[in-house]
Amino acid sequence: MENPQQKSQSQREKIEQGLRSCPMFHDWPADRLWELSLSARLARYRRDTQILVCEGTPRDILLVVSGSVELGATNATGDKYLLAVLEPGQVVQLAHLLMEQEDVPSPYVYHARKDSQIIHIPSAAMRRLLDAEPTLWRSVALLVLRRHRLSTRSLKDRAIRSIRRRLAIALMNLAKDYDSRETDVYRTELHISQTDLANMLKVSRQTVGKELRRLQDEGGVNRSGGYNRISLNIPGLKRIVQEDECAE
């Protein structure tokens with residue numbers, strides 16, 4: 001049976017391994033990752049539970065180690081917006097590294113879509129490491145800029161593109177890792193409901209159902225795999241997006 005010291009060592013090694021799974025940390029020196037692991041903690045969350053933050057304030061950087069996490073928001077009337085589904089290796093709340101105030105609330109809420117393991121990294125501890133070795137800020141800056149570009153593109157699509165094209169793009173984005181949507185590597189199957197897609201696109205569930213049937217007729221998706229399961233034909237979806245661009 002492990003004694004407390006051995007258990008603590010084992011926990012730190014799991015955290016360090018989880019940090020290495022995140023593309024943002026790939027170029028970090030081993031000693032810096034080890035130092036960061038000393039201040040981080042590994043937490044487990046059951047499906048459908050909210051990802052907790054320390055002392056009720058969202059000052060932790062969150063890194064998904066296993067499972068799946070929903071990133072979204074709900075307004076005062078209960079309307080829900082789904083921004084993204086985070087898979088293992090994805091990191092969020094990086095904006096806190098650039099904020100001086102410690103009590104700025106997060107505009108988003110995180111829920112575990114599956115049983116999940118999350119690494120909590122105190123933003124103050126990570127900022128100290130970055131300031132001690134400023135070249136490491138580059139990996140953070142590149143990721144933040146990439147996400148800003150994706151957000152800007154999403155706003156543009158929502159303003160001027162058809163529902164058909166927005167849905168096709170949303171499905172392809174969900175088939176990629178949140179941090180690497182500009183690569184050409186996709187999953188071919190999604191586990192997501194029509195309600196989630198409706199919340200993501202801010203349209204009715206009926207509209208999503210209609211457009212999914214249309215995409216299926218055109219060879220972009222196949223929904224015969226079971227409940228909340230969508231198989232993707234990526235070349236077909238790309239063709240549909242390009243056709244919509246030509247039509248506009």
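Strand β8 gives three residues to the lining of the second largest pocket, the largest share of that lining. The structure before us is a predicted model, and I shall begin with this pocket before turning to side-chain contacts and strands.

The second largest pocket holds about 530 Å³ of space. The elements that give two or more residues to its lining are β4, residues 80-86, β6, residues 109-112, and β8, residues 189-191. In total, 20 residues line the pocket, and those nearest its centre are Ser68, Arg113, Lys114, His191 and Ile192. What is the make-up of the lining by class? It has 10 charged residues, together with five polar and five nonpolar ones.

Two of the strands just named, β4 and β6, also pair with β3. Strand β3, residues 69-74, runs antiparallel to β4, and six bridges join the two. One of the contacts between these strands sets threonine 74 opposite its bridge partner in β4, lysine 80. The hairpin of β3 and β4 has five residues between the strands, and glycine 78 takes a positive phi near 90 degrees there. Strand β3 is also joined to β6, by four bridges, and this pairing is antiparallel as well. Here valine 69 has alanine 112 of β6 as its bridge partner.

I now come to the salt bridges. How many does the whole structure contain? The search finds 11, and I shall present three of them.

The first example lies within a single helix. Glutamate 16 and arginine 20 both belong to helix α1, residues 4-20, where they stand four residues apart, about one turn of the helix. Their side chains meet in a salt bridge, with 3.3 Å from N to O. Glutamate 16 counts as buried because its relative accessibility is 15%, under the 20% limit for that class. Arginine 20, by contrast, has a relative accessible area of 40% and is partly exposed.

The second example is the salt bridge of aspartate 115 with arginine 46, whose closest N and O atoms are 3.5 Å apart. This pair links distant parts of the chain, 69 residues apart: aspartate 115 is in the loop between β6 and β7 (116-122), and arginine 46 is in the loop between β1 (41-45) and β2 (60-66). Is arginine 46 buried or exposed? At 60% relative accessibility, arginine 46 counts as exposed, while aspartate 115, at 46%, counts as partly exposed.

The third example joins arginine 164 and glutamate 218, with 3.2 Å from N to O. Arginine 164 lies in helix α5 (residues 163-174) and glutamate 218 in the loop between α7 (205-217) and β9 (221-222), so the bridge ties together parts that are 54 residues apart in sequence. Arginine 164 is buried, at 6% relative accessibility, whereas glutamate 218 is partly exposed, at 26%. Salt bridges with shared partners join these two residues with Glu211 and Arg214 into one network.

Finally, let us consider the aromatic rings. A pair of such rings is described by the distance of the centres and the angle of the planes. The structure holds one aromatic pair. Phenylalanine 25 and tryptophan 28 form this pair, with 4.9 Å between the centres and 85 degrees between the planes, an edge-to-face arrangement. Are these residues buried or exposed? Phenylalanine 25 is buried, with 1% relative accessibility, and tryptophan 28 is buried too, with a relative accessible area of 4%.

Methods: Residues are numbered from 1 along each chain as its sequence is written. This is a predicted model: local features need pLDDT of at least 70, side-chain atom pairs count only at pLDDT 80 or more; totals for chains, interfaces and linings use all residues. Side-chain values use heavy atoms; hydrogens and water are left out. On a 1 Å grid over the protein atoms alone, a cavity is a set of points where a 1.4 Å probe fits but cannot get out, and a pocket is an open set with protein on both sides within 12 Å along at least five of seven lines; lining residues have an atom within 4 Å of a point. Grid points are joined across faces, edges and corners, and a volume is the space filled by probe spheres set on the points. Ala, Val, Leu, Ile, Met, Phe, Trp, Tyr, Cys and Pro count as nonpolar, Asp, Glu, Lys and Arg as charged, and the others, Gly among them, as polar. Rings of Phe, Tyr and Trp (its six-membered ring) pair if their centres lie within 6.5 Å; planes under 30 degrees apart count as stacked, over 60 as edge-to-face and the rest as tilted. Buried means under 20% relative accessible area, exposed over 50%, partly exposed in between (1.4 Å probe, protein chains only). A salt bridge is a side-chain nitrogen of Lys or Arg within 4 Å of a carboxyl oxygen of Asp or Glu. Two strands pair if DSSP finds at least two bridges between them.
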